[in-house]
Amino acid sequence: MPEITIVGAGATGCTLALLLARYGIASTVIERRSSSLNHPAAHVINARSQEIWRRASPKLAAQIAGLAPPSEEVSIIRWSTDLRGTPLGEIDLLSDSEQLDRIQGHSPFLISHIGQHLLMPILWDALEQEPLIDFRRGWSFQDVIVDGPRVTVHASGPQVSDTEIVSRYVIGADGANSRVRDALGIQMRGPVLANMGSVFFHAELFGDTSRPLLTWIYSPSFCGVLIAHANNDYVLMSPYLSKRQDIAANSRSYWARVLPQVIGEGVAFNIHSTGTWTMTSQTAENFAVDNVILAGVMQRTGSRTPAGSVSTVACKTHTTLPGSWLVSWRDAPPRRCWQPTRVSGARSWSDLQPRVWPTTSASTRRCRALV
Ligand SMILES: Cc1cc2nc3c(=O)[nH]c(=O)nc-3n(C[C@H](O)[C@H](O)[C@H](O)COP(=O)(O)OP(=O)(O)OC[C@H]3O[C@@H](n4cnc5c(N)ncnc54)[C@H](O)[C@@H]3O)c2cc1C
């Protein structure tokens, strides 16, 4: 019987499978998508995430770090009423050289600006190339049945409507709307914070001046944030209240209409994709039932830090599985000191709360010294 089935090949599922392989443990990864994410979600990746990928494979970590533009190209955060007008203000994240030296001393990696749509194909390729990983794209989780030490996943694949995959452990890494979590009857607790609509597009903005990483736009006609991605690609996001609003119900036509008002009439643009997402501050009431374990964003979603703070994202879910860490890119206050060791015996989020999430391995060591 194989050791582990992982449901979901997002950042969490991929990283877990690669780390397990590093320790010689085989896994089957089922993923309902056939091709990887192309609408950007995460755009800021913590140094700790990169340290963990280096543990899985130095080559992989170097490949991912290579996606990040030089930090001086993405150091400005700006506030404005209009993209073309005088900004209300801006901060340069690199302006305090002492602080920068201190941060760079923590890790060989810096918190980096890497779009998730660029990252995921690299992680998927790494899965494909790893002989200990059976990566099944286009396979959807349907149900899970625990029978003593055996856990059976029911899944449907490209050619089959119901297949059984039997293993010792099942890890649900299937995202915020996890079906594994639903199958276990685990509830999420906590409020919805905001609904956001977004458009991913290409345009030549800002002329020869450096592109701000984030531009917060506040005007009577539009409120939102513009995020600069590689190759003059951008994501523009705006909150909404009802899914009946155009931004959610007819997102393409909404953005085709609104985008020129924000970036300037007459500025050429090409929309790659549009989407919606819900920001919540929710925690699963439990994260394991027998040998079925939840990992990543579906056991905790949402943000505890102010939007726009780019230094807040950390890898943070540690697991009881031998020799492996489950990774989620959720945010954690960077200056707090957490006890980051592997947590054994913890069954619910409240067991974990006081003791997780270093943002770099250096903070791990400092925390150990303090505990
Ligand atoms: C707009 C936006 C901006 C963000 N910005 C940042 C940021 O700057 N920094 C940051 O750290 N995080 C950011 N995040 C959050 C980050 O994207 C998530 O935390 C991260 O993707 C979670 O990874 P995951 O692997 O846990 O879940 P997911 O990425 O959701 O992966 C889950 C996977 O499971 C698959 N799946 C789902 N259901 C099934 C099923 N039934 N069967 C098989 N497979 C299934 C999905 O297709 C998916 O591939 C952002 C998110 C959004 C939406």
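This text goes through a sheet and a helix of the predicted model.

The sheet is open and has six strands, arranged in the order β7-β2-β1-β11-β20-β19, with mixed pairing. Its edges are formed by β7 (133–137) and β19 (288–289), each of which pairs on one side only. Strands of a sheet pair through backbone hydrogen bonds, in either the parallel or the antiparallel sense. Strands β1 (residues 4–7) and β2 (residues 27–31) pair in the parallel sense, over four bridges. Within this pair, V7 lies opposite I30 of β2.

Helix α1 covers residues 11–22. Its 12 residues, at 1.5 Å a residue, should span 16 Å, and this agrees with the 16 Å that separate its end C-alpha atoms. Beyond the helix comes G24, with a positive phi near 80°.

How is α1 placed with respect to the rest of the structure? Of its 12 residues, 11 are buried, so the helix is largely enclosed by the rest of the structure. The buried residues are A11, T12, G13, C14, T15, L16, A17, L18, L19, L20 and A21. Burial here means that 20 or more other C-beta atoms lie within 10 Å of the residue's own.

One neighbour of α1 is helix α5 (residues 116–129): the two axes come within 10 Å and cross at roughly 35°. The crossing is left-handed. On the α1 side the contact is made by A11, C14, A17 and L18, and on the α5 side by L123, W124, A126 and L127. By class, this contact has eight nonpolar residues, with no polar and no charged ones. An α-helix has 3.6 residues a turn, so residues three or four places apart point the same way. Among the α1 contact residues, A11, C14 and L18 follow this kind of spacing.

Note on methods: Residues numbered from 1 in each chain as written. Predicted model: local features only at pLDDT ≥ 70, side-chain atom pairs only at ≥ 80, totals over all residues. Pairing = 2+ DSSP bridges. Helix = DSSP H or I, 4+ residues; strand = E, 2+ residues; numbered from the N terminus. Axes fitted to C-alpha atoms, helices over the stretch in contact; angles between N-to-C directions. Left-handed = near helix turned anticlockwise from the far one by under 90°. Contact = placed C-beta atoms within 7 Å. Nonpolar A, V, L, I, M, F, W, Y, C, P; charged D, E, K, R; others polar. Expected span 1.5 Å × (residues − 1).
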